[in-house]
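Welcome! Please take a moment to look over the sequence and the 3D view below, and then let us walk through the fold together.

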Amino acid sequence: KIYGEDYKTKMQFRDLGCGNGVLCYILIQEGINGIGIDARQRKSWAIYPQGVKNCLKEQVIIPSILLRPHPEVRKRMPHIQHNGGIFPVKVAHEYIAPATIIYSSQDLLKSPQVNIAEYPKDTFIIGNHSDELTCWIPLLGYPFMVIPCCSHNLAGQRVRYNNTKRTSKMKNSTYAGLVDHVENIATKVGWTVEKEMLRIPSTRNAALIGYENESLGEFPTKTVYESLIEEGGADGWIQNTMALTKRNPRGH
């Protein structure tokens with residue numbers, strides 16, 4: 001519907017929080033190019049064909065808006081690539097004393113462990129139960145489909161959003177509030193949003209799709225920065241995200 005019959009040559013995907021990688025496997029086997037990204041490699045990744053394994057990346061996601069200078073700064077000083085941020089991350093291990101690692105925005109922009117969500121123009125983003133990333137996805141500047149799951153704000157903290165619509169199908173539950181909030185964020189930054197209720201074995205089955213936006217190619221826009229402030233900012237996102245790289249891997 002979005003790209004036409006030759007969509008396989010017109011788009012590629014990024015599956016953010018791809019988990020066990022099964023959706024990436026299906027899409028790649030169908031001939032669609034793309035990459036799955038998750039903070040932790042899963043044991044299930046090893047069972048896929050090599051071509052699929054090459055497309056599954058163990059990285060944490062830190063949106064570049066948190067690391068790059070404000071657009072107005074870059075206009076005046078185009079040589080500046082980072083915002084000069086410093087981010088202390090406390091780590092603990094059973095065999096050593098607690099320590100603090102200091103990351104700079106320049107370090108994180110160059111780190112192979114970090115994905116800054118800057119993709120080719122033909123990218124379509126998938127957020128299939130992407131947890132903390134859910135509210136971020138409409139702000140990244142690419143057409144998307146997001147299936148909201150757990151309710152987190154842009155700092156990665158658990159929150160409860162109120163459902164302002166209160167339709168008969170989706171009343172004022174925590175999940176309804178999250179879906180409504182993600183749709184509001186997307187609409188605010190210019191997306192025309194469509195909703196599809198999926199037939200999947202989950203009660204978290206509302207898919208929000210955004211693929212029309214007059215500001216495509218211009219993100220992060222002024223409205224994105226305003227939305228970031230209105231959402232309470234993202235203080236703690238970088239620290240919490242980098243702390244994930246110090247934890248033990250999951251077993252599935």
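## A few words first

Two strands pair if DSSP finds at least two bridges between them. Helices (H or I, at least four residues) and strands (E, at least two) are DSSP runs, numbered from the N terminus.

This is a predicted model, in which local features need pLDDT of at least 70, side-chain atom pairs count only at pLDDT 80 or more, and totals for chains, interfaces and linings use all residues. Residues are numbered from 1 along each chain as its sequence is written, and side-chain values use heavy atoms, with hydrogens and water left out.

## The chain as a whole

The chain has 8 helices and 11 strands. Its radius of gyration is 18 Å, close to the 18 Å that the globule rule gives for 252 residues, so the chain is as compact as a globular protein of that length. Here the radius is taken over C-alpha atoms, and the rule is 2.2 Å times the number of residues to the power 0.38. Along the principal axes, the C-alpha atoms fill a box of roughly 50 × 45 × 40 Å.

How much of the chain is buried? Of its 252 residues, 47% count as buried; that word means under 20% relative accessible area, while exposed means over 50% and partly exposed lies in between (1.4 Å probe, protein chains only). Contact means heavy atoms within 4.5 Å. Among the contacts in the chain with a separation of 6 or more, 52% come from residues 24 or more positions apart.

## The open sheet

Try tracing the strands in the order S3-S2-S1-S8-S9-S11-S10: they make an open sheet of 7 strands with mixed pairing. Strand S3 (56–58) and strand S10 (192–197) stand at the edges, each with a single partner strand, so one side of each is left without a neighbour in the sheet. From one strand to the next, the twist averages 20°. Axes are lines fitted to C-alpha atoms, for helices over the stretch in contact, and angles run from 0 to 180 degrees between N-to-C directions. Strands of a sheet pair through backbone hydrogen bonds, either parallel or antiparallel.

At the S3 edge, strand S2 (residues 34–38) pairs with S3 in the parallel sense over 3 bridges, and Gly-36 stands opposite Leu-56 in S3. Helix H2 (residues 22–29) packs on the sheet, touching strand S1 (12–16), S2, S3 and strand S8 (123–128). The direction of H2 makes about 170° with that of S1.

## Strand S8 and its partners

Is S8 enclosed or open to the outside? 5 of the 6 residues of S8 are buried, so the strand is largely enclosed by the rest of the structure. S1 and S8 run parallel, joined by 4 bridges, and the bridge partner of Arg-14 in S8 is Ile-125. S8 and S9 also run parallel, with 4 bridges, and Gly-127 stands opposite Val-146 in S9.

## An aromatic cluster

The whole structure holds 5 aromatic pairs. Rings of Phe, Tyr and Trp (its six-membered ring) pair if their centres lie within 6.5 Å; planes under 30 degrees apart count as stacked, over 60 as edge-to-face and the rest as tilted. The rings of Phe-144 and Trp-191 have their centres 5.3 Å apart and their planes at 90°, so this pair is edge-to-face.

The pair links distant parts of the chain, 47 residues apart: Phe-144 lies in strand S9 (residues 144–147), and Trp-191 in the loop between helix H6 (174–188) and S10. Both Phe-144 and Trp-191 are buried, and together with Phe-219 they form one aromatic cluster.

## Two neighbouring serines

Ser-104 belongs to strand S6 (residues 96–104), while Ser-105 belongs to helix H5 (residues 105–110). Ser-104 counts as buried at 15% relative accessibility, and Ser-105 counts as buried at 0%.

A polar contact is a pair of N or O atoms within 3.5 Å; within protein, one must be able to donate a hydrogen and the other to accept it, and residues adjacent in sequence count only if both atoms are side-chain atoms. One such contact, of 3.0 Å, joins the side chains of Ser-104 and Asp-107. The side chain of Ser-105 reaches the backbone nitrogen of Gly-84 at 3.2 Å. Leaving aside residues up to four places away in sequence, Ser-105 touches Leu-67, His-82, Asn-83, Gly-84, Gly-85 and Phe-87.
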